[in-house]
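Q: I'd like a close look at a single part of this model, with its neighbours and then the rest of the chain as background. Please give the cut-offs along the way, as I don't work with these terms every day.

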Amino acid sequence: MFRNCCYCAEFVSPPSSRRVLVLPARLAGAGKTYIASRVIDSFLSTPTPEKLAYFYCNRAEENRRNPESILNTLIQQLVQTESEDTILLKPVIEIYEEREKKGQLSSRLTFAESQELLVQLTDIYPQTTICIDALDEVDHRIRIQLLESLKHVIEKSKNLVKIFATTRMDTDILLQFEMFPRIELQPDDNVGDINQFVETNIQSAIKGKQLLHGVVPSDLEVEICDALCERSKGM
């Protein structure tokens, strides 16, 4: 897992020329969200002139599985800035003024308007990185809209836009990004981390007398660890 984290961190670094990197895994719990969070945290902890926007999808929440909500959240993050330089808000101001003329201030942006606004905002920064975790949890009936929008932003932006996404092995998602590199996360990638986690927690449970009142022969401890590690299947 650490090896994959390093590879993904290299992808979001400024020198890289990759446009899209997809991290798929066949099983739930294989560590996709962990890696996505590591990439995002690594990016946020390194001061750069580049801009980051990210989103964690979740099929259990309406606003976290809807393509329109995802685009709008990415837009909000790109608009936010620590600087008082209002040029960063120019695309938003232009939309506001246009809607004011038409008397449409109360209406929401259409999906197409959000898509074009996202392109305009990425034009402001030397480089923009978009991280999306769990693409497969976007509503499968309409997620093609999000996938096509992401590709549209890459193609139309004047500056470099990179996308890092994690997903399960859903065919429609992989086909949309088949021309771009991907790292398939295998259950075996996590074996070392999981084994260490199991052994540490078993030892802690024995020491705290939470497992068999702390009376666990060494051969039984080994048997328990081996059984848990074997059945974890990379999760």
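A: Let's start with one rung of the sheet: I132 stands opposite A165, a residue of strand β4. Before we go further, this is a predicted model, in which local features need pLDDT of at least 70, side-chain atom pairs count only at pLDDT 80 or more, and totals for chains, interfaces and linings use all residues. Residues are numbered from 1 along each chain as its sequence is written, and side-chain values use heavy atoms, with hydrogens and water left out.

β4 makes a good part to look at closely. It covers residues 160-168, and seven of its nine residues are buried, leaving the strand mostly covered. Here buried means under 20% relative accessible area, exposed means over 50%, and partly exposed is in between, with a 1.4 Å probe and protein chains only. Strands are DSSP runs of E with at least two residues, helices are runs of H or I with at least four, and both are numbered from the N terminus.

β4 has two partners to visit. Strand β3, residues 127-133, runs parallel to β4 and is joined to it by six bridges. Strand β1, residues 20-25, also runs parallel to β4, again with six bridges. Two strands pair if DSSP finds at least two bridges between them. On the β1 side, P24 has T167 of β4 as its bridge partner. As background, side chains in a regular strand alternate between the two faces of the sheet.

How do you get from β3 to β4? Together with helix α6, these strands make a right-handed β-α-β unit. Right-handed means that, with the strands pointing away from the viewer, the path from the first strand over the helix to the second runs clockwise. The helix of this unit, α6, spans residues 143-156 and includes S149. S149 counts as buried because its relative accessibility is 2%. Setting aside residues up to four places away in sequence, S149 touches L71, F111 and Q115; a contact means heavy atoms within 4.5 Å.

Now look at helix α2, residues 32-44, where you will find V39. V39 and F164 are 125 residues apart in sequence, yet their C-alpha atoms are 9.0 Å apart in space. V39 has a relative accessible area of 1%, so it is buried. F43 lies in α2 as well. With a relative accessible area of 11%, F43 is buried too. From F43 to T129 there are 86 residues along the chain, and 9.3 Å separates their C-alpha atoms.

If you are wondering about cysteines, a search of the whole structure finds zero disulfides, a disulfide being a pair of cysteine sulfur atoms within 2.5 Å. C131 counts as buried because its relative accessibility is 3%. C57 is buried as well, with a relative accessible area of 5%.

Aromatic rings are a short story. The search of the whole structure finds one aromatic pair. That pair is Y54 with Y56, edge-to-face, at 6.2 Å centre to centre and 80 degrees between the planes. The rule is that rings of Phe, Tyr and Trp (its six-membered ring) pair if their centres lie within 6.5 Å, and planes under 30 degrees apart count as stacked, over 60 as edge-to-face and the rest as tilted. Y54 is partly exposed because its relative accessibility is 28%, and Y56 is partly exposed at 25%.

For a contrast with the covered strand, go to the loop between α8 (191-207) and α9 (218-232), where K209 is found. Its phi is near 60 degrees, a positive value in a residue other than glycine. Most residues other than glycine have a negative phi. H213, found in that loop between α8 and α9, also has phi near 60 degrees. K209 counts as exposed because its relative accessibility is 59%, and H213 counts as exposed at 68%.

Finally, the whole chain. It has nine helices and four strands, in the order α-β-α-β-α-α-α-β-α-β-α-α-α along the sequence. Of its 235 residues, 40% count as buried. Among contacts with a separation of 6 or more, 77% come from residues 24 or more positions apart. The chain exposes about 13,300 Å², with carbon and sulfur atoms supplying 51% of it; these areas come from the Shrake-Rupley method with a 1.4 Å probe, and for residues only the protein chains shown count as cover.
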